[in-house]
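Colleague: I've got this one open in the viewer and I'd like you to walk me through one part of it slowly. Take your time, and feel free to wander outwards from there.

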Amino acid sequence: MRLVFAGTPEVAVPALDALIASDRHEVVAVVTRPDAPAGRGRRLVASPVAERAEEAGIEVLKPARPRDEDFLARLREIAPDCCPVVAYGALLPKAALEIPTHGWVNLHFSLLPAWRGAAPVQHAILAGDEVTGASTFLIEEGLDSGPVFGVLTEQVRHTDTSGDLLTRLAFAGSGLLAATMDGIEDGTLKAVPQPADGVSLAPKINVEDARIDWTAPALRVDRVVRGCAPAPGAWTTFRGERLKVMSVLPAVDRTDLAPGAIAAAKNSVHVGTGSHAVQLQWVQPQGKKPMQAADWARGVRIAAGESLGEQEGAR
């Protein structure tokens, strides 16, 4: 098939590579988000998918909006058989959905209908799911509601961050998407409607969602830290300034600390939660680089009775 691949971030690159490597299909163009400002200089930078496509000599389309008539006209000229999608980042209008013969087929990082939305991997970790996966489905105008072609499952490890899990799913899912293209091309694969039961939503995680509530149980604190890593990053406050918490370990033997209370020793920093304590591993103070929690504690000279986060009465 003639394919037009749509995707933007690094997590979409393995799937693009798998389709470029296929001897059954040809990636004739790539659709991605426009160049965006990045770094301290805020210079415009092409997306990882755009960079990979340009390396491979593939035409790159960067519409400001997928409904722009110039983009739709070019897509009609290309006349793709199918448009595989991984984390493109923009809603596709009906006019675009109707162009490819076999539609737009999305690789989504959950077992649909669970975790429809922008942040399925983060929500799987936040919810404590033990198993998640990836699905390929035919895009409709609804949110991740189209019929499913195929799925794969992936164990959620108790140490996984959302970044760890997403990386594994991106590589495993690249094979699923390529196999889905093969099945569509040879007519052996038919999409099956999603069940009405089991629908859950995974909206984008914002900065306030990533704020640690130290009155929550240690298990919840750990999930928030892992689920929000690497972005947007779990955080709390210390002496009125934001402190990013990058990793913690449960400390089931420490039950003597009130929620948010800090116990700093020479080589360890424990913080109380609503259950047992957690041990801070890596933190990032405002305006500084990540550092080991013990080094941070020595530098700020934590006094007896100091806490992380606001007092409950001030919330």
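Colleague: Let's zoom in on strand 6: which residue stands opposite V86 there?

Modeller: That's G7, which stands opposite V86 in strand 6. Keep in mind that we're looking at a predicted model. G7 belongs to strand 1 (residues 2-7), and 2 bridges join strand 1 to strand 6, with the two running parallel.

Stay on strand 6 for a moment, residues 83-86. C83 and V85 point one way, P84 and V86 point the other way, and all of them are buried. That fits the usual pattern: in a regular strand the side chains alternate between the two faces of the sheet.

Strand 6 also pairs with strand 7 (residues 104-108), again in the parallel sense, over 3 bridges. If you want a spot to click on, V85 has N106 as its bridge partner in strand 7.

Now go back to strand 1, which has another partner. Here 5 bridges join strand 1 to strand 2 (residues 26-31), and these run parallel too. R2 stands opposite E26 in strand 2. Of the 6 residues of strand 1, 5 are buried, so the strand is largely enclosed by the rest of the structure.

From strand 7 you can hop on to S135. This serine sits in strand 8 (residues 131-138), and leaving aside neighbours within four places in sequence, its contacts include N106, L107 and H108. N106 is the residue we just met as the bridge partner of V85. S135 also touches V148, G150, V151 and L176, among others. S135 is buried, with a relative accessible area of 0%. The side chain of S135 reaches the backbone nitrogen of L112 at 3.2 Å, and L112 is among the contacts of S135 as well.

Then there's T180, in helix 6 (residues 162-186). The side chain of T180 makes a polar contact with the side chain of T136, at 3.0 Å. T180 is buried, with a relative accessible area of 2%. Setting aside neighbours within four places in sequence, T180 is in contact with V105, T136, F149 and L189.

Further along the chain, have a look at C228, in the loop between helix 7 (218-227) and strand 10. Loop or not, C228 is buried, at a relative accessible area of 1%. Beyond neighbours within four places in sequence, C228 is in contact with I205, A210, G233 and A234. C228 and I125 are 103 residues apart in sequence, yet 9.0 Å apart in space, C-alpha to C-alpha.

Strand 10 brings us to the aromatics. The structure holds 1 aromatic pair. It is made by F238 and W296, with ring centres 5.2 Å apart and planes at 75°, so the pair is edge-to-face. The pair links distant parts of the chain, with F238 in strand 10 (residues 235-238) and W296 in helix 8 (residues 293-300), 58 residues apart. Both F238 and W296 are buried. While you're there, check W235: the charged end of R242 sits over the ring of W235, 3.9 Å from its centre.

Helix 8 deserves a look too. A293, A294, W296 and A297 are its buried residues to pick out. They cover an arc of only 160° around the axis, which puts them on the same side of helix 8. What covers the buried residues of helix 8 includes strand 10, strand 11 (241-251) and strand 14 (277-285). Strand 12 (262-264), strand 13 (269-271) and strand 15 (291-292) are also part of that cover. Just after helix 8, R301 takes a positive phi of about 55°.

Zoom out and you can put all this in context. The protein chain has 8 helices and 15 strands, and its C-alpha trace spans about 70 × 45 × 35 Å along the principal axes. Buried residues make up 48% of the 315 residues. Among contacts between residues at least 6 apart in sequence, 64% join residues at least 24 apart. The F238 and W296 pair, 58 residues apart, is one link between distant parts of the chain.

How values were computed
Residues are numbered from 1 along each chain as its sequence is written. This is a predicted model: local features need pLDDT of at least 70, side-chain atom pairs count only at pLDDT 80 or more; totals for chains, interfaces and linings use all residues. Side-chain values use heavy atoms; hydrogens and water are left out. Helices (H or I, at least four residues) and strands (E, at least two) are DSSP runs, numbered from the N terminus. Buried means under 20% relative accessible area, exposed over 50%, partly exposed in between (1.4 Å probe, protein chains only). A polar contact is a pair of N or O atoms within 3.5 Å; within protein, one must be able to donate a hydrogen and the other to accept it, and residues adjacent in sequence count only if both atoms are side-chain atoms. Contact means heavy atoms within 4.5 Å. Rings of Phe, Tyr and Trp (its six-membered ring) pair if their centres lie within 6.5 Å; planes under 30 degrees apart count as stacked, over 60 as edge-to-face and the rest as tilted. A charge sits over a ring if NZ of Lys or CZ of Arg is within 6 Å of the ring centre and within 35 degrees of the ring normal. The arc is that of the directions from the helix axis to the C-beta atoms. Two strands pair if DSSP finds at least two bridges between them.
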